[in-house]
Amino acid sequence: MKVYADNAATTRLRPEALRAYTETATEFFGNPSSLHSEGQRAKEVLEDCRARMAKALGALPREIVFTSGGSEADNQAILSAARAGAQKGKTRIVSTAIEHHAVLHALNRLKREGFTIDLLPVGTDGIVRAADAEKALGEDVCLCSVMLANNEIGTVQPVKEIAALCRARKIPFHTDAVQAVGHLNVDVNELGADYLALSAHKFGGPRGVGALYARTGAPLSPLVEGGAQERGKRAGTENLPAIAAMTVALEAALATRPETEAYVSALRDRLIDGLSRIPHCALNGDRTRRLAGNVSFCFEGIEGESLLLLLDDKGVSASSGSACTSGSLDPSHVLLAIGRVHDVAHGSLRLTLNEENTKEEVDYLLTVVPEVVETLRNMSPVWRDLTEGKRKFIL
Amino acid sequence: MSLYSEKVMDHFRNPRNVGVIEDADGVGEVGNAKCGDIMKMYIKVKDGILADVKFETFGCGSAIASSSMATEMIKGKPLSEALTLTNKAVAEALDGLPAYKMHCSVLAEQAVQAAILDYYKRNNIPYDEEKFRCASCSHEHDHGEEE
């Protein structure tokens, strides 16, 4: 059996998105910046997509900038707000320890340029505390950035509360909503966000396209200089087929969102309950305040990369926060932030489900994951030491 | 997955000589759990020959494959020959490892040396310390030269 359980990495393109892609690529091939009617027809599609994306997010069309994806959108929001803040002498940025690298590495760049970066901790539940944010939001803060849902452990953050704190202090607020859009109810006004980043391929759209929501009046400067596309905020001929496919994919995802959430979270709970029966393991992140499709575990005594390779042999596509999967010495910063020690964080497994997964697939996972964990434990000197009492169990 | 060579995957999927030798003549353990890999090598020595070798590994696919390959390369060989096993030889026998996984082959070389060193110490056999420079060092050291 083949089980694709890595939907937080990317999703299969929705058939209706593929149709929109090919139709736009062939029927609306004109450059939206061209004066002639072929160009203007393409421009109409572009603006139609912008209006529909805006509607899906509760935004105004002019507040949507199409980008190459979530990373670009995160970078543009953060760098724009930081540059504007610096002009007013505000050089402190508040964010969290569990952000995606698209946020953390952009913040690192700003740190090298002289900004001060405060990363809020999270509890062992993988959730940041609004009270911690409140303490950090001083007068010198030019931006607060908190992700809506975490990509590794799926925990949903109190973005609404933190955004309200920022609003009261006139501090621009950005949220990396890459894992959330299409899955959670995301309305920029309900959230109170000034910036929001999204990526199409997390909800059945194509890779290489995303969008940045920037509230009217929020500072926005281009990352790429060139033509006047996207109201001068993002140069380069628009990737119209991808934009059209993203729009269709988001509408399709939202049309069935409540049913999908109920269906997928039932699969998730079945998977979590089943995997919890493996001895000496632990679920990463809060049990309920998590994305409908996210299952993340640490298994003591084994290493994540070998787990992924053996699962791949069984037809299962999964992911891990193990150092060995990234080529770095340190395991995932998210797992360390929730208090997992290195030894345990190396043995992590992330399974992310969506509406394409079935109960049969979950049951297959519940057969093969315990098998593979046992195989690896049987050749692990760490597991031997743990079972013989020479090393203390952590989980 | 094409991350690794077929040889690596074969040794990872079907590791040779995995297990424990209860009455081992020498045991070597290298690496640490914090870094995500530990190798433990057990040897049985008869007339200066490695009559039996077994290993246990906590680590990634290439760590398991490197230990498996190393045991195959030294089993049945005289101790003096096993001591000349290099990480490069292990990696080459596996048809190569990705650059950032070369430290796994270093661990295999160290584990072999550590087990033989343990045997020498248990039996008060004099040994040339120079030959064991790597056996006691942690793989956190810079192994840039080997890589």
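# Two chains, sheet by sheet

Reader: Which residue stands opposite Ile64(A) in β8(A)?
Author: Happy to start there, with the reminder that this is a predicted model. Strand β2 of chain A and strand β8 (residues 210–214) of chain A pair in the antiparallel sense over four bridges. Within β8(A), the residue opposite Ile64(A) is Tyr213(A).

Reader: Thanks! In what order do the seven strands of the open sheet in chain A lie?
Author: The pairing in this open sheet is mixed, and its seven strands run in the order β2-β8-β7-β6-β5-β3-β4 (chain A). Its edge strands, each pairing on one side only, are β2 (64–67) and β4 of chain A. Neighbouring strands are turned by 20° against each other on average, direction ignored. So that you have the whole row at hand, the order once more is β2-β8-β7-β6-β5-β3-β4.

Reader: At about what angle to β7(A) does α3(A) run?
Author: Two helices can be described together here. Helix α6 (residues 159–168) of chain A lies across β5 and β6 of chain A, at about 160° to β6(A). Helix α3(A) lies across β2, β3, β5, β6, β7 and β8 of chain A, and its angle to β7(A) is about 160°.

Reader: Which residues of α4(A) are buried?
Author: Helix α4 (residues 101–112) of chain A has twelve residues and reaches 16 Å from its first C-alpha to its last, close to the 16 Å expected. Its buried residues pack against α3 (70–87), β3 (92–96), β4 (116–120), β5 (141–145), β6 (173–176) and α11 (333–337) of chain A. After the helix comes Gly114(A), with a positive phi near 110°. The buried residues themselves are Ala102(A), Val103(A), Leu104(A), Ala106(A), Leu107(A) and Leu110(A).

Reader: How many of the six residues of β10(A) are buried?
Author: Asn294(A), Ser296(A) and Cys298(A) point one way from β10(A), while Val295(A), Phe297(A) and Phe299(A) point the other way, and all are buried. The strand is therefore largely enclosed by the rest of the structure, the number of buried residues being six of the six.

Reader: What is the bridge partner of Ser296(A) in β12(A)?
Author: Strand β10(A) has pairings with β9 and β12 to look at. With strand β9 (residues 281–283) of chain A it pairs in the antiparallel sense over three bridges, and there Leu283(A) has Phe297(A) as its partner. Five bridges join β10(A) to strand β12 (residues 348–352) of chain A, again antiparallel. In β12(A), the partner of Ser296(A) is Arg350(A).

Reader: Is Gly301(A) buried or exposed?
Author: Gly301(A) sits in the loop between β10 (294–299) and α10 (304–313) of chain A. It touches Ser380(A), Val382(A), Trp383(A), Leu386(A) and Phe58(B), leaving aside residues up to four places away in sequence. Its relative accessibility is 4%, and with the cut-off at under 20%, Gly301(A) counts as buried.

Reader: Which element gives the most residues to the largest nonpolar core?
Author: That core has 73 residues, of which Phe299(A), Leu307(A), Leu311(A), Leu349(A), Leu351(A) and Ile116(B) touch the most other members. With twelve residues, the element that gives the most to this core is α5(B).

Reader: In what order do the three strands of the open sheet in chain B lie?
Author: These strands pair in the antiparallel sense, in the order β1-β2-β3 (chain B). Because β1 (26–32) and β3 (49–58) of chain B each have a single partner strand, one side of each is left without a neighbour in the sheet. Neighbouring strands are turned by 15° against each other on average, direction ignored. Read across, then, the order is β1-β2-β3.

Reader: What is the bridge partner of Val27(B) in β2(B)?
Author: Helix α5 (residues 102–122) of chain B lies across β1 and β2 of chain B, running at about 145° to β1(B). Seven bridges join β1(B) to strand β2 (residues 37–46) of chain B, and the strands run antiparallel. In β2(B), Val27(B) is partnered by Tyr42(B).

Reader: What is the relative accessible area of Lys40(B)?
Author: Lys40(B) belongs to strand β2 of chain B. Its contacts include Pro381(A) and Asp385(A), together with Val27(B), Glu29(B) and Lys54(B). Lys40(B) is buried, at a relative accessible area of 12%.

Notes. Residues are numbered from 1 along each chain as its sequence is written. Chains are lettered from A and ligands numbered from 1 in the order in which they are written. This is a predicted model: local features need pLDDT of at least 70, side-chain atom pairs count only at pLDDT 80 or more; totals for chains, interfaces and linings use all residues. Side-chain values use heavy atoms; hydrogens and water are left out. Two strands pair if DSSP finds at least two bridges between them. Axes are lines fitted to C-alpha atoms, for helices over the stretch in contact, and angles run from 0 to 180 degrees between N-to-C directions. Contact means heavy atoms within 4.5 Å. A nonpolar core is a set of buried Ala, Val, Leu, Ile, Met, Phe, Trp, Tyr and Cys residues joined through side-chain atoms within 4.5 Å. Buried means under 20% relative accessible area, exposed over 50%, partly exposed in between (1.4 Å probe, protein chains only). The expected span of a helix is 1.5 Å times one less than its number of residues.
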